[in-house]
Amino acid sequence: MKRRQFLGSAAAVALFISMAGGTAYAETPADTLVIAKVIDDAISFDPAESYEDTTSEVLHNTYEGLVEYDAADFSKLSGGIAESWAFSPDNKTVTFKLRSGMTFASGNPVTANDVVYSFARVVKADKTPAFILKQFGWTSENVATMAKALDDQTFEMTIAVDFAPSLVLNILSSVNASVVDSKTVMENEKDGDFGLAYLKDKSAGSGPFVLKTWKPNQTVLLQSNPAYRQGEPAMKRVVLRHVPEAASQRLLLEKGDVDIAANLPTDQVKALEGNPDIAISRHNTTRNLYIGLSQTVKPFTDPKVREALKYLVDYKGMTDSLLKGEFTVLQSFWPSGFYGSVDENPYGYDVEKAKALLAEAGYADGFSFKLSVRNVSPAIDIAQAVQQSMSTAGVKMEIVQTDQKQFITAYRDRQFEAALGTWEPDFLDPHANAATFAHNLDNGPNAATKTVAWRNSWKDDAINALTDAAVKEPDETKRIEMYKDLQRKVMANGPYVGLVQRTSQVAMRSNVKDYVVGPAMIFYRLVRK
């Protein structure tokens, strides 16, 4: 079927706004990518405030940072706005040389002063993601002296902590370290708000796209940026449509009204397999699910009991049937397939071995405990599967269902026996998860830092020391091996039963090419039809 010719930008906006209301459209234009997905988590498209999945996906396509992940090799960081960088001998100062001739979508030049403004803005605005940059030791009072423009093309930053160079760069790849057009943002500041109101539904970056419109719980429309340093993308527009029902996403995809359905469960994906007009791709995400065992509960304080429970989960059975296509087995605290992953799952479903360990610990007849779970799928489904497999060794697990707010409040306050938790790192470095699953220097009730290890009342001085050493190790190869060693030790001795890692299942029209999904990002600029 011959595709319709696109009618122009103004017509495009009107057309896709009407699409969100349910108007059918036979096929999408050749230069427009239309994605059906759940986007009701979007709160703000400001890099200083964004902390949600949808906004992060958009920000990766509308802004650039000093460094970014290489679309051709996700194990590597490459220059974004920066073309090169150098660390001082003590790794406390980093000097970045910016690419020459770069401009923001507005036409304003990209300079080191924009980097200074962007970083200071995140720290001073002090919204939820501010901690990502503040962990450098930056504060509202000192950031002006820690982040400087030496000239228009040279930016220098100093950190007040002992961080490995690879960790510093991984933190700077976060969308919250995006560089904004300081001139445009400052012109739109109101009452000292750092431009937060302005950037909530607009963009001021140098990325391949520009945010044109956002209608909450309806649509997000992106327009290509002709000034993008790697050339204007083939897709002149990208439209995200809020379609919460999986069956509706599938129907729109089959009819050709959308190019991609991004939130399909296994049953919907299975129904599409074999359709020559549809292609299915699967990608690892960084989200993991685990059971945390409070070390204030007597059975769980015994390492043999913890080990026994790790042998009482039918990992393969869950991921091959109940969770097929949506999850893979993950027993470590750091997701598989990323920088520093150990990619090992040492535990299998072994009832006899579990029974022997329980007998050695004095629980030959098993014991009972309560598992706190959010009342959503697949958390409940996973809990029920674990409940059944643990019962084979006499371990009686009572599932206590609560809503998200009640669950997280109780978990953060240590008011649980065991909890089915989920986690996603804030930046793509194993330290992001090691710092919370392994590190706990103060196990007291009033600890200043309340990590996941703290929530589970687990403090291991040897593990703390290894975590502290890994974060400082300047040799990247040694540092990765230290994190792998740390993961193995936490799997063996920690208070966690690692379960699964979420897989993103994306169904798309077969004419969509080069839809590249990277670590916590999607490269719209590479898509073609």
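**Asking the model to justify itself**

Me: What is the order of the four strands in the open sheet, and which way do they pair?

Reply: The order is β4-β5-β7-β6, and the pairing is antiparallel. Keep in mind that we're looking at a predicted model.

Me: What makes β4 and β6 the edges?

Reply: Count partners: β4 (82-87) and β6 (147-151) have a single partner strand each, so one side of each has no neighbour in the sheet. On average, neighbouring strands here are turned by 20° against each other, direction ignored.

Me: How do you know that β5 and β7 pair?

Reply: Two bridges are the minimum for calling strands paired. Strand β5 (residues 93-98) and strand β7 (residues 154-158) share five, in the antiparallel sense, so they pass. Within that pairing, F96 sits opposite F155 of β7.

Me: Which helices pack on the sheet?

Reply: Helix α3 (residues 112-125) does, touching β5, β6 and β7, and its direction makes about 175° with that of β6. Helix α6 (residues 165-172) packs there too, in touch with β4, β5 and β7, at about 145° to the direction of β4.

Me: Why is α6 called largely enclosed?

Reply: Because eight of its eight residues are buried. They are P165, S166, L167, V168, L169, N170, I171 and L172.

Me: Which residues have the most contacts inside the largest nonpolar core?

Reply: That core has 70 residues, and the best connected are F96, F136, F155, M157 and L172. Helix α3 gives it the largest share, eight residues. There's also a second, separate core of 41 residues, including A308, Y315, M397 and L499.

Me: What is M157 in contact with, leaving aside neighbours within four places in sequence?

Reply: Quite a list: K92, T93, V94, F96, F136, W138, M146, A147, V168 and L172.

Me: Why is N288 called buried?

Reply: The cut-off is under 20% relative accessible area. N288 has 2%, so buried is the right word. This residue is in strand β12 (residues 278-293), and its contacts beyond four places in sequence include L330, F333, W423 and F437.

Me: And N91, buried or exposed?

Reply: Buried: its relative accessible area is 15%, and that is under 20%. N91 is in the loop between β4 and β5, and has a positive phi of about 60° although it is not a glycine.

Me: What makes N217 partly exposed?

Reply: Partly exposed runs between the 20% and 50% cut-offs. N217 comes in at 45%, so the label fits. Its phi is positive as well, about 65°, and again the residue is not a glycine. Look for N217 in the loop between β8 (209-215) and β9 (219-224).

Me: How do you know that the ends of helix α15 are where they should be?

Reply: At 1.5 Å a residue, its 13 residues (379-391) should span 18 Å, and the end C-alpha atoms are 18 Å apart, which agrees. Buried residues in α15 include A379, I380 and V386.

Me: What is the peptide bond from S377 to P378 like?

Reply: It's cis, with omega near 10°. P378 lies in the loop between β14 (368-374) and α15.

Conventions
Residues are numbered from 1 along each chain as its sequence is written. This is a predicted model: local features need pLDDT of at least 70, side-chain atom pairs count only at pLDDT 80 or more; totals for chains, interfaces and linings use all residues. Side-chain values use heavy atoms; hydrogens and water are left out. Helices (H or I, at least four residues) and strands (E, at least two) are DSSP runs, numbered from the N terminus. Buried means under 20% relative accessible area, exposed over 50%, partly exposed in between (1.4 Å probe, protein chains only). Contact means heavy atoms within 4.5 Å. The expected span of a helix is 1.5 Å times one less than its number of residues. Axes are lines fitted to C-alpha atoms, for helices over the stretch in contact, and angles run from 0 to 180 degrees between N-to-C directions. A nonpolar core is a set of buried Ala, Val, Leu, Ile, Met, Phe, Trp, Tyr and Cys residues joined through side-chain atoms within 4.5 Å.
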